[in-house]
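Here is a short tour of one model, written with your modelling work in mind. Have the viewer open and follow along as the topics come up.

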Amino acid sequence: MCSSVLSSSAVMDAKAVQTLNLPGLTRPEKFVTRTGCSFTRPAKPEKLQMTRRRVVLACSYNNVPASILESEGHKFPLEEELILKNRSQQIQPYLNGRCVYVVGMMGSGKTTVGKIMSQALSYSFCDCDTLIEEEVDGHSVADIFKLYGESFFRDKETEALNKLSLMNKLVISTGGGAVVRPINWKYMHKGVSVWLDVPVEALAKRIAAVGTGSRPLLHDEAGDAYTAALMRLSALFEERGEFYANANARVSLENIAIKLGRRDASDLSPTDIAIEALEQIGNFLKAEDGGYAR
C-alpha cells in the first residue's frame with residue numbers, strides 16, 4: 001500500500017528545495033530526453049549505438065518491430081529539476097514501468113510536456129504522429145490527410161498505439177483525435193493516461209501565432225487566424241471532450257494558473273505543467289493502490 005509512502009507533494013518539494021541552501025550541494029545528474037520513435041525492423045541484431053550527442057537504442061518486444069529512440073539533454077533551473085526529480089521518485093515504484101500516454105487537443109503541448117516528463121521518469125519519449133509519418137514514407141500528417149484521408153491516418157494511429165501498448169517505460173504523445181476510437185483506449189489503458197486540459201482560447205492563440213499549415217483539420221476555416229482557430233477548436237472540443245475525460249489523470253491549466261498565482265494559462269511554462277502532470281499521475285496511482293482518491 002502506498003498511502004503512507006506518497007505523502008504531501010508540496011511538503012516533499014519544499015524539503016527538496018531546502019537543500020539548495022546546504023553547502024557542498026552536488027547538482028543532480030542531468031536528465032536525458034529520448035525523442036523520436038519508429039517501428040522499422042533493423043537488418044542486423046538489435047544493439048546499443050552511442051555517439052557524443054545522440055543515443056540510438058534498438059529494441060524489440062515479442063513480435064513488435066524494433067523501436068528507434070533518440071536522446072537529447074534538456075537543462076532546467078536547479079529548483080525545478082529537484083521538484084521534477086522528487087515527483088518522479090514518488091511515483092516510479094507504483095508506475096512500475098508502465099507507459100504514460102499524454103492526450104489532449106492539438107496545440108496543448110503534449111510533445112513538449114511529454115519530453116520533460118520522460119526526462120524526469122528516465123523513460124524514453126515517442127511522438128505517435130512522428131511514428132506514423134515515418135511509417136508512411138516520411139509524409140507529414142497534413143500530407144497523409146491530403147493524400148489518403150483521415151480514416152487512413154486513424155487506422156495507422158490505432159496500429160501504432162497497439163504496438164506501443166506492448167512496450168514499457170515510454171512517455172507517448174498522442175494525436176488530438178486518438179481519443180475518439182474506443183479501441184485506442186483499450187491500448188492506452190494498459191498504461192497510465194494523462195489529459196492536458198487547456199482552454200480553447202489559449203489553444204487558438206498558440207495555433208494562430210505559429211500558423212495552421214501542419215494542422216489539417218484547421219485548413220479550411222475562413223476569417224482571421226485566431227477567430228478561425230477558435231471556432232474550429234471549440235467544435236472539436238464539443239466532439240471530443242467526453243473522450244478526453246476517459247484519461248486516468250487530468251491536468252487543468254486553469255487550475256495550475258490559480259494555484260501558482262498566474263494571470264492565466266498562457267503564463268505557465270511547460271515545466272509547470274509537467275510538474276502538475278506528475279502530481280496528478282501520483283494521485284491516480286494512490287487511488288489505484290488503495291490510497292485516497294484524487
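Phenylalanine 237 is a good place to begin: in this predicted model, the residue is part of helix α9, which covers residues 225-244. From there the tour moves to strand β8, one of whose residues, Trp195, is in contact with phenylalanine 237, and then on to further strands and rings.

**Phenylalanine 237 and its surroundings**
- Phenylalanine 237 counts as partly exposed because its relative accessibility is 28%, and that class lies between the limits of 20% and 50%.
- Beyond the neighbours within four places in sequence, phenylalanine 237 has contacts with Met105, Trp195, Val200 and Tyr244.
- With methionine 105, the separation in sequence is 132 residues, while the C-alpha to C-alpha distance is 7.5 Å.

**Strand β8 and its partners**
- Strand β8 spans residues 192-197, and six of its six residues are buried.
- Burial applies to both faces of β8: one side carries Val192, Val194 and Leu196, and the other carries Ser193, Trp195 and Asp197.
- Strand β5, made of residues 100-104, pairs with β8 in parallel fashion through five bridges.
- Within that pairing of β5 and β8, valine 100 is set opposite valine 192.
- Strand β9, residues 249-252, also runs parallel to β8, and four bridges join the two.
- Here aspartate 197 of β8 faces serine 252 in β9 as its opposite number.

**A charge over a ring**
- Tryptophan 195, already met as a contact of phenylalanine 237 and as a buried residue of β8, has the charged end of arginine 250 over its ring.
- The distance from that charged end of arginine 250 to the ring centre of tryptophan 195 is 5.7 Å.

**Strands β6 and β7**
- Strand β6 covers residues 124-127, with Ser124 and Cys126 pointing one way and Phe125 and Asp127 the other.
- Those four residues, Ser124, Phe125, Cys126 and Asp127, are all buried.
- β6 pairs in the parallel sense with strand β7, residues 170-173, over four bridges.
- Serine 124 has leucine 170 as its bridge partner in β7.

**Aromatic pairs**
- Three aromatic pairs turn up when the whole structure is searched.
- One of these pairs joins phenylalanine 145 and phenylalanine 153, whose ring centres are 5.1 Å apart; their planes meet at 45°, so the pair is tilted.
- Are these two phenylalanines, 145 and 153, buried or exposed? Both phenylalanine 145 and phenylalanine 153 are buried.

Methods. Residues numbered from 1 in each chain as written. Predicted model: local features only at pLDDT ≥ 70, side-chain atom pairs only at ≥ 80, totals over all residues. Heavy atoms only, no water. Buried < 20%, exposed > 50% of the residue type's maximum accessible area, 1.4 Å probe, protein only. Contact = heavy atoms within 4.5 Å. Pairing = 2+ DSSP bridges. Phe/Tyr/Trp six-rings, centres within 6.5 Å; stacked < 30°, edge-to-face > 60°. Lys NZ or Arg CZ within 6 Å of the ring centre and 35° of its normal.
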